[in-house]
Amino acid sequence: MQEYPAYLTKGFTPYDPIELWQLTEEKVCRGDARKYTDFYCVGVYGGISTGYTVGCCLRCVFCWVDFSRDFPDRYGDFYSAAEAARRLVENARKKRLTRLRISGAEPMLGKEHLLGVLDRVTGQGFTFILETNGIPLGYDAGYAAELARYPGIHIRVSIKAGSARGFEERTGARGESWELPFRAVENLMEAGVSFHVAAMTDPRLMPRDERRSLLRRLRETGYTDWVEEEVCDPYRTSLVRLKEAGFDIF
Ligand code: SF4
């Protein structure tokens, strides 16, 4: 990878998401610290205290996350695991919430930080929600087992495509990696971690055949629970990314 990739532009060169994961960690992780842009409570999940991290290993064209995803050097500050855990818990207590979440990018980057946060909040009566694209959990087979040590955790795996071609077109990552999120589902089931699957099946972005292929591949993993089907909303960042990549859906 010659240059750190920002949002996709027409005619982009597909990248290796594992290499991008490692390059991004070099920018957003330092020991047990990780970059965040902010910590505050929001209304989703019935009210949840959220830390917004910086950095992802995909470049989805529909992504709503702020431009810290594309330019991680320019945004955010480093927070140790202890400081991030303290902020998550303090914000939750102020609003009497029982749910915590790391969102805003890919929370599974920087394993030392994530496990450090979980070590500190576990046992305090919170449900901890992690929203992931399934790349790290699919690639690192032992990661799910490490998360299984934490009761109270729930993972939302968001699958972006049902074919190699769709994966490459809409995330920019090489098509050969398209099955990693399905492997994440298998790894989570095997480890016995609480999770559910979301999928970006918006018909303006995903052809009907590809949606069928996604659901078929998911059934092959043995997953039989509900699938939260997502739609693309016209956030300012999503509109820029879609336009730059040559998608016209609004
Ligand atoms: S939608 Fe999620 S996985 Fe895709 S680029 Fe944005 S943060 Fe990363």
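**Terms and model**

Helices (H or I, at least four residues) and strands (E, at least two) are DSSP runs, numbered from the N terminus. With that in hand, S194 can be placed in the loop between α7 (180-191) and β8 (195-199).

This is a predicted model, where local features need pLDDT of at least 70, side-chain atom pairs count only at pLDDT 80 or more, and totals for chains, interfaces and linings use all residues. Residues are numbered from 1 along each chain as its sequence is written, and side-chain values use heavy atoms, with hydrogens and water left out.

**The ligand and its surroundings**

Where does the ligand sit? The ligand is in the largest pocket. A pocket is found on a 1 Å grid over the protein atoms alone: it is an open set of points with protein on both sides within 12 Å along at least five of seven lines. A molecule sits in a pocket if more than half of its atoms lie within 2 Å of the pocket's grid points.

The residues around the ligand are C56, L58, C60, C63, V65, R69, A105, N133 and K160. Each counts as near because one of its heavy atoms lies within 4 Å of the ligand. By class, this shell holds 6 nonpolar, 1 polar and 2 charged residues. Ala, Val, Leu, Ile, Met, Phe, Trp, Tyr, Cys and Pro count as nonpolar; Asp, Glu, Lys and Arg count as charged; the others, Gly among them, count as polar.

**Two helices, each with a buried side**

Helix α1 covers residues 17-28, 12 residues in total. From first C-alpha to last, α1 reaches 16 Å, close to the 16 Å expected at 1.5 Å a residue. The expected span is 1.5 Å times one less than the number of residues. Which residues of α1 are buried? They are P17, I18, L20, W21, T24 and V28. These residues lie on the same side of α1, because they cover an arc of only 155° around the axis. The arc is that of the directions from the helix axis to the C-beta atoms. Buried means under 20% relative accessible area, exposed over 50%, and partly exposed in between (1.4 Å probe, protein chains only).

Helix α2 (residues 81-94) has 14 residues. At 1.5 Å a residue α2 should span 20 Å, and its end C-alpha atoms are 20 Å apart, which agrees. The buried residues of α2 are A81, A84, A85, L88, V89, N91 and A92. Seen down the axis, they fall within an arc of 165°, so they line one face of the helix.

**Two residues with positive phi**

Most residues other than glycine have a negative phi. Y45 has a positive phi of about 60° although it is not a glycine. Y45 lies in the loop between β2 and β3 (48-53). With a relative accessible area of 27%, Y45 is partly exposed.

R96 is another such case: its phi is near 55°, a positive value in a residue other than glycine. R96 is found in the loop between α2 and β5 (99-103). Is R96 buried or exposed? R96 is exposed, at a relative accessible area of 77%.

**Strands, loops and distances**

T37 belongs to strand β2 (residues 33-42). T37 is partly exposed, at 31% relative accessible area. T37 and E19 are 18 residues apart along the chain, and their C-alpha atoms are separated by 23 Å.

S194, in its loop before β8, is partly exposed at 38%. S194 and D70 are 124 residues apart in sequence and 30 Å apart in space, C-alpha to C-alpha. F195 is in strand β8. F195 counts as buried, at 10% relative accessibility. The C-alpha atoms of F195 and I129 are separated by 9.1 Å, with their positions 66 residues apart along the chain. S177 is found in the loop between α6 (164-171) and α7. S177 is buried, with a relative accessible area of 9%.

Key
1 Å grid on protein atoms, 1.4 Å probe; cavity = no way out; pocket = protein on both sides within 12 Å on 5 of 7 lines; lining within 4 Å.
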